[in-house]
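Student: I should like to work through this structure by question and answer. May we begin with individual residues and then turn to the chain as a whole?

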Amino acid sequence: MTPVRVLAVASEVYPIVKTGGLADVAGALPIALKAHGVEMRTLMPGYPDVMRLVSGTAEIRTWPDYFGGPGRLLAGSHDGLDLFVLDVPHLYARPGNPYVTTEGVDWPDNGLRFAALSRVAADIGHGLVPAFVPEIVHAHDWQAGLAPAYLHYDNRPRPATVMTIHNMAYQGKFARELIGSIGLPWSSFDVHGLEYFGGISFLKAGLQFADRITTVSPTYAREIQSDEGGMGFGGLLRQRASVLSGILNGIDTGVWNPQTDAHIAYRYGAEDLAFRAANKAVLQQQFNLDSSDEAPLLGVISRLSWQKGLDLLLEAIPTILGEGMQLALLGSGDRDLQERYQAAARANPGRIGVVIGYDEILAHLLQAGSDALIVPSRFEPCGLTQLCALRYAAIPIVSRVGGLEDTIVDIDEADSSGRDATGFKFAPVTADALAGSLRKANTAFHDKPAWRRLQRNGLATDVSWRGRAGEYAALYRNLVAARA
Ligand code: ADP
């Protein structure tokens, strides 16, 4: 196995900084790739948490003026991850999350902040760090989208490039004037370059110039080639279809393991699923729900946004109540959705419980104690919570889109697909179709052997990174061979 050296570029990496699924992937993939002979280092910005947590840092390079202030490139490590950290205090040493202020407003200089990250990625690609000259630069999402563009416009021998889309909705759009301050030529303001509806898009830069494009499920790879799913990039992706593919995400099966999980009240495996009832009782207590083993408990762990379709679940509440089910929702995001869920909980004490916030520990308990996990997304590039649900024997009830379609086998399609059923899928993505699925799930719940079968099939599904990392390794090797 010839080793391959890859520089990953990501704006968030679990367990250091996380706002969503991108961080999970960026944190898990390098470790899973080791078994496949891929040596991956990850470049990320030096936010305060990064500077606090990353150890063994060595200064590789300093600049008196990097995008308007002093900057340094550090090498260091954390939790098995080999990292490059771009420490530019005037760009990254701030409170709030990587993208928004504590008031939830985008940092006004986000264009500059992530151009700076991509610029140094391209420079590492050119050999800035002699001890680590990558054969491939792998850019994740719009924050790293300029890396393939810099490498293109630098007009020098360059490493191969891969662009991964974790969510088409985030496109890194800025005013055209930014080009003047990020070191790209004005010729890049072109329909075949960065130009996008009169401004520029960092995501487009990556999609235009990367040698390969991947996204996080085969179905999403197809959906984004349509005008609707492509959210403005359908045409470009149809043109680039021959280099576009979908590779499913895995989850960290060490962190998500009901047999060893320190965050749940009662640990269990396939042989002692009965212990889930004890977790359910704790969950009911924490969400102020009536204690009842007979009422199916539906769980939700999600950002509250239009994408996630949770307004549809609000419409389906009469079905939940009518069927004698309970709902426990953990989420944060849109203020309007937060308020509507809180109102639903107030109106239905004991039946609907809502916790607004981001809480990793409670997320584990929800997986361990819910009977079913609902993911009614309007679009879902891959989705991770349904994978965790399979591993915790909570039965996924999901819409038939993106990675949800690829990772869950509907109870009615098991025979035709030759795969064992693991959950319930509904289409179209409407409140009515969702309600139909809830009724079907309720019937199955009361047929104990049928429910157990679904649970066991889910537990037997491989949701780890092992196989998926192999697909990335094969892509890297093919790409290196194609360019040789
Ligand atoms: P997205 O990245 O679009 O938010 P994913 O399903 O790909 O959706 O990943 C979401 C990740 O964030 C999962 O690991 C999920 O458990 C976690 N998560 C989402 N909302 C919360 C929350 N309110 N509390 C704890 N974890 C959450």
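Student: Is Asp141 buried or exposed?

Tutor: The model is a predicted one, and burial is judged from neighbouring C-beta atoms, with 20 or more within 10 Å needed for a buried residue. Asp141 lies in the loop between strand S6 (136-140) and helix H5 (146-154). With 27 C-beta neighbours inside 10 Å, Asp141 counts as buried.

Student: What is the phi of Asp141, which is not a glycine?

Tutor: Most residues other than glycine have a negative phi. Asp141 is not a glycine, yet its phi is positive, at about 60 degrees.

Student: Is Asn155, which also has a positive phi of about 60 degrees, buried or exposed?

Tutor: Asn155 is placed in the loop between H5 and S7. A residue is exposed if 12 or fewer other C-beta atoms lie within 10 Å. Asn155 has 8 such atoms, so Asn155 is exposed.

Student: Which residue follows Tyr14 across a cis peptide bond?

Tutor: Most peptide bonds are trans. The bond that leaves Tyr14 is cis, with omega near 5 degrees. The residue that follows sits in the loop between S1 and H1, and that residue is Pro15.

Student: Where is Pro428, at the cis bond from Ala427, found?

Tutor: The peptide bond from Ala427 to Pro428 is cis, with omega near -10 degrees. Pro428 is in a loop, with helix H17 (431-445) on one side and strand S18 (424-426) on the other.

Student: At which residue does UniProt place the feature "binding site"?

Tutor: The feature comes from an unreviewed entry. The residue concerned lies in the loop between strand S1 (4-9) and H1, and is partly exposed, with 19 other C-beta atoms within 10 Å. UniProt places the feature at Lys18.

Student: Which residues are the closest to the ligand?

Tutor: The shell around the ligand holds 17 residues, which divide into six nonpolar, seven polar and four charged. At least two residues of the shell come from each of helix H1 (21-33), strand S13 (297-304), strand S14 (326-333) and helix H13 (360-369). Both domain 1 (4-250 + 466-483) and domain 2 (270-462) supply at least three. The closest residues are Gly20, Gly21, Tyr358, Ala363 and Leu384.

Student: Which residues does UniProt list for "domain: Glycosyl transferase family"?

Tutor: The annotation belongs to an unreviewed entry. Its span is 41% helix and 21% strand, and the end C-alpha atoms lie 22 Å apart. UniProt lists residues 287-441.

Student: In S12, what is the bridge partner of Ile213?

Tutor: Ile213 belongs to strand S11 (residues 212-215), where Ile213 and Thr215 point one way, Arg212 and Thr214 point the other way, and all are buried. S11 pairs in the parallel sense with strand S7 (residues 160-165) over four bridges, and Ile213 is the bridge partner of Met163. S11 also pairs in the parallel sense with strand S12 (residues 244-246), over three bridges. There the partner of Ile213 is Leu244.

Student: Why do S8 and S9 each have one side without a neighbour in the sheet?

Tutor: The sheet is open and has three strands in the order S8-S10-S9, with antiparallel pairing. Strand S8 (173-174) and strand S9 (195-196) each have a single partner strand, so one side of each lacks a neighbour, which places both at the edges.

Student: How many residues of strand S3 (residues 55-63) are buried?

Tutor: S3 runs antiparallel to strand S4 (residues 71-78), and six bridges join them. One of these pairs Glu59 with Leu74 in S4. S3 has nine residues and lies largely in the open, because the number buried is zero.

Student: What is the radius of gyration of the chain?

Tutor: The chain has 19 helices and 18 strands. The globule rule gives 23 Å for 484 residues, and the chain comes close to this value, so it is as compact as a globular protein of that length. Its C-alpha trace spans about 65 × 50 × 45 Å along the principal axes. The radius of gyration is 23 Å.

Terms used
Residues are numbered from 1 along each chain as its sequence is written. This is a predicted model: local features need pLDDT of at least 70, side-chain atom pairs count only at pLDDT 80 or more; totals for chains, interfaces and linings use all residues. Two strands pair if DSSP finds at least two bridges between them. A residue is near a molecule or strand if its C-beta atom, placed from the backbone, lies within 6 Å of it. Ala, Val, Leu, Ile, Met, Phe, Trp, Tyr, Cys and Pro count as nonpolar, Asp, Glu, Lys and Arg as charged, and the others, Gly among them, as polar. Domain bounds come from an automatic or database domain assignment. UniProt positions are given in the numbering used here, feature names are shortened, and annotations may be inferred rather than shown by experiment. The radius of gyration is taken over C-alpha atoms; the globule rule is 2.2 Å times the number of residues to the power 0.38.
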